[in-house]
Amino acid sequence: MPRASAPTRRATSSQLAPLAARRPTPAPLLPQPLLERLLAVAMARGGDFAEVYVERTQTTSVSLEESRIKSAQTGLVQGVGVRVISGAKVGYAYSDDWDEPALLRAASTAAMIAQGTGAERAFPVSRVAVPSHFRIPASLADVEVAQKAALLTRADEAARAFDSRVTQVNGAYVDNTRRIAVANTEGRYTEDTLEMCRLFVQVVAQGKRNERRMGQFGSGGRVPFTHWLTFPPEDVAREAARQAVATLGAVDCAAGPQTVVLAPGWSGILLHEAVGHGLEADFIRKGTSLFAGKVGEKVASDLVTVIDDGTVAGNRGTLNIDDEGNAAERKVLIENGVLKGYLYDGLNAKLMGQRSTGSGRRESFRHLPMPRMTNTFLAPGNHHPEDILKEVKRGLYCATFGGGQVDISNGNFVFEVSEAYQIEDGKLGRPVKNAILIGVGPEALKNVSRVGCDPMPDPGMGTCGKNGQNVPVGVGLPTVRIDNVTVGGTQVG
Amino acid sequence: MDYQKLAKRIVQRAEKKGARQAEAFLEVGRQSNVRVRDGQIEDLTQSTSKGVGLRVVVKDRLGFAFTSDFEPAGLERLVDQAVKLAEAAAPSKLNGLPGQKDLGRYADTGDLFDPAVANLPGDWKVKAALEAEKAGREVDPRIATFNAVGAGDFVSEVYVASSEGMSGGYSGTYVYLYAMPVASEAGQLQKGYWLDYKRFLADLEAPESIGREASRRAVRMLGAKRVKTQQVPVLFDPLVAASFISGIADAADGNSVYQKASVLAAHQGKRLAGAHVTLVDDGLLPRGLSTAPFDGEGVPTRRTPILEKGVLRNFLYDAYTARKAKARPTGNATRGYSSLPGIGTSNLYLEPGTKSPEELIRETGRGFYVTSLLGHGADPVSGELSAGANGLWIEDGELTHAVQEVTVAGNLLTMLQDLDGVASDLQFRGGSTGAPTVRFRQLTLSGE
């Protein structure tokens, strides 16, 4: 069965190393007295809540094209954001200057959202320990660039060796080491270091009559550089090349409703789009999501249990604390088809009389936090993947996926399928091109008729965009069958 | 601080530390935006930002580093890192900064900076957003809520200096206003979206007009339903048409063409569409959002027709790719300080026709008028496009009921051939890509 043989697997929490093996705690990003001073200035006009967010992110990236390392680059972005909440109003100011006058200016600018004139008072904070859901013994920032470049060279060779029809290979390696500190007027002060790396390979294969197909694949997560020993770049490259070559000669996709079977893993994007976004508390509070007011209602088939888990060891969407300093959590959003709850950041939780679920995330200090997903997956079911396929007389097998998008109000979501096969009498037939799935979240979930018991490898390459902010996320789905899905294609009748 | 001088100093420092060539790209900005909700401020953000990217060539190897830390130690580290990173890259004779003959003279861009935007009083944005929200709410009682209504402005300065004689800078202003209402009826929610984004305050659409149009677009989607799978004439409204032409521009990227990873690669000089189709990238468009004297590496911007009267004329290049492909740079290097230049569009637009969009709809008789697409657009390698579509059904030359949960699919090449109508309503709606309403003779619509 052709499938995205993602070279990564889910790590379990038992693989977490003992705390003793952790790296020594680095010096604070900003001195605690300065954090407290900024909070005091931020509250000077009588806000209800203030928070200082400090970030320093070091990024390294290397790119390859035409079998050569095209460039290596590195950069540092650092800054401080001050947020003041007064009632339901938020004032925010940020600065990438670290000198005290600039920071105080930001604090007093944010303070202006409150209209009062109250006297300045002290807001002491104390450092709170944070959990650890990933272990990076040696910082990715300290690994020699030549070693990172070597991953790409190896990937390039493997992709080209895979098949003579491979004509182009582009690759990129990116890592970042992001240090954050969050202090607020509730006295909570947390610091964390988040590291992440990703290798991404894009392959073009050329067939007969100038037909060209692209394949792409990636690997990574919040993992140490030794990740590439167990998940070698060759595996990533061969998977990208396999996709490009496998889709050569693909036929037009039939348009209209079909039974679809989704391969496990990266297909989790479907869940991310079809339900995930619609369960984010900002949309719920404003009443713009079709899932608003539906807690306790049946929104999916009995087979559907959806979990957002920020604590999965080493995953791309994993957090120790969110960008408001709250510990990451495992949340059951839908259980056996019944809507259980939403994803909350601090502000929306407060306005809605709930508690934060550790879902307040932001792209950087230049952005306000909002409720976001971390790693979102469908709990495994009881069906064997082989049986799921065997039972389908005619349909579409979706092996690998591009991206997706959702309109959270009418619930319409799309899910781009980059590698798909016709299913005939329970067997895979010819590859089809240009397929896309469209549906309305809850209806599609009610049509989930089989959920596999197979593992759901997250390749670790997902990035989610919302209101112009991008954050890394994880996804997961076992093999799943959905009935009566509208498949976009070019072939009619 | 004199940023032009600072950029030059960074270049000199890099040369001293062993760079054969060096280029500093420096950006400074200040921005402010507000969102309102239920007649109140929802949030207000203000900030300043800055950063510099340094590109060096050391022994034919390319290195790049960036930082937002302008302290002397931070800049020293920037130079050291760029030079050190060059050592990890592969040598190539093609590496090099744009030289004297690429740099050349700058054409006149007209004004890029509006003092009225730069000096916009803080409460103007709050007032404008509140007016947009109020006007939007008054359109129809079925407007239930808003995702967001907001306004913002920013002022940015760009400075570039290089060892090859480049030294220049410009500053620009930007102001924007948007509304995202949600209409509700019989358990169905439908969002609307309308915005305007300009360099000059006088060019910006009135707040009431933004609010009303956004709400009109939300309300008319109520009752949306699927239609049957079929092949029909399809119209794209200007927003959707803009995303379609972006897809063509992606495929006209000189590097993808050089790598034969573009559906357009083999078609230069060929007729791909009717004579009414002219697609232009114009870095000098008067008052355009992306208008600038030079691109991200100092090469003068210009007007480059991609499709001229239906014929594929030009691809878009930065200096490196032009050298590699033995083509001329087109001034299409785009970047921020934190990245190396890449190829991108400046002001991209499809030249308008003479018919009004209403006329185009009327003569269509029966078809699908698309007002938003879901998905990431066309695959530039194969040219295939398959996307979710929302819009309105055309029957007897009139817009009738709303349509959702369907897809449209085609291929860029066949879609260009089938592009049989271009209306007169060219607009740059919320970005530097502009298009009028267009019609395709036939696309596959997938639904029931």
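## A look around a predicted two-chain model

Let's start inside chain A: helix α6 (residues 269-276) has 8 of its 8 residues buried, so the rest of the structure largely encloses this helix. The buried residues are A:I269, A:L270, A:L271, A:H272, A:E273, A:A274, A:V275 and A:G276. Keep in mind that you are looking at a predicted model.

Now for another part of chain A, where two helices meet. Helix α1 (residues 32-42) and helix α2 (residues 100-111) of chain A have axes that come within 7 Å and cross at roughly 35°. The crossing of α1(A) past α2(A) is right-handed. On the α1(A) side, the contact is made by A:L34, A:L38, A:V41 and A:A42, while α2(A) brings in A:E100, A:L103, A:L104, A:A107, A:S108, A:A110 and A:A111. Sorted by class, this contact has 9 nonpolar, 1 polar and 1 charged residues.

Stay with helix α1 of chain A for a moment, since A:L39 lies in it. Is A:L39 buried or exposed? A residue needs 20 or more other C-beta atoms within 10 Å to be called buried, and A:L39 has 28 such neighbours inside 10 Å, so A:L39 counts as buried. Leaving out residues up to four places away in sequence, A:L39 touches A:A50, A:V52, A:F123, A:A183 and A:T185. As for A:N484, that residue is 445 residues from A:L39 in sequence and 55 Å from A:L39 in space, going C-alpha to C-alpha.

Next, how do the two chains meet? In all, 62 residues of chain A are in contact with 64 residues of chain B. Which strand of chain A gives the most to the side that touches chain B? That is β2 (residues 68-86), with 11 residues. By class, chain A's side of this contact has 25 nonpolar, 27 polar and 10 charged residues.

Strand β2 of chain A also pairs across the chains: 5 bridges join β2(A) to strand β3 (residues 61-67) of chain B, and the two strands run parallel. Within chain B, β3(B) has another partner, with 7 bridges joining β2(B) to β3(B) in an antiparallel arrangement. Here are some of the residue pairs that involve β3(B):

| Residue | Opposite residue in β3(B) |
|---|---|
| A:A72 | B:G63 |
| A:G75 | B:F66 |
| B:R55 | B:F64 |

The hairpin of β2(B) and β3(B) has 2 residues between the strands, and there B:K59 takes a positive phi near 50°.

What about the surroundings of β3(B)? The rest of the structure largely encloses this strand, because 7 of its 7 residues are buried. In a regular strand, side chains alternate between the two faces of the sheet. Both faces of β3(B) are covered, with B:R61, B:G63, B:A65 and B:T67 buried on one side and B:L62, B:F64 and B:F66 buried on the other.

Finally, zoom out to chain B. Its domain assignment gives domain 1 (3-219) and domain 2 (224-448). The C-alpha centres of these two domains of chain B lie 23 Å apart. Their contact takes 36 residues from domain 1 and 29 residues from domain 2. The elements giving two or more residues to domain 1's side include β1 (21-37), β2 (40-58) and our familiar β3 of chain B. By class, that side of domain 1 of chain B has 19 nonpolar, 8 polar and 9 charged residues.

Methods
Residues numbered from 1 in each chain as written. Chains lettered and ligands numbered in written order. Predicted model: local features only at pLDDT ≥ 70, side-chain atom pairs only at ≥ 80, totals over all residues. Buried ≥ 20, exposed ≤ 12 C-beta atoms within 10 Å, placed from the backbone. Helix = DSSP H or I, 4+ residues; strand = E, 2+ residues; numbered from the N terminus. Contact = placed C-beta atoms within 7 Å. Nonpolar A, V, L, I, M, F, W, Y, C, P; charged D, E, K, R; others polar. Pairing = 2+ DSSP bridges. Domains from an automatic or database assignment. Axes fitted to C-alpha atoms, helices over the stretch in contact; angles between N-to-C directions. Left-handed = near helix turned anticlockwise from the far one by under 90°.
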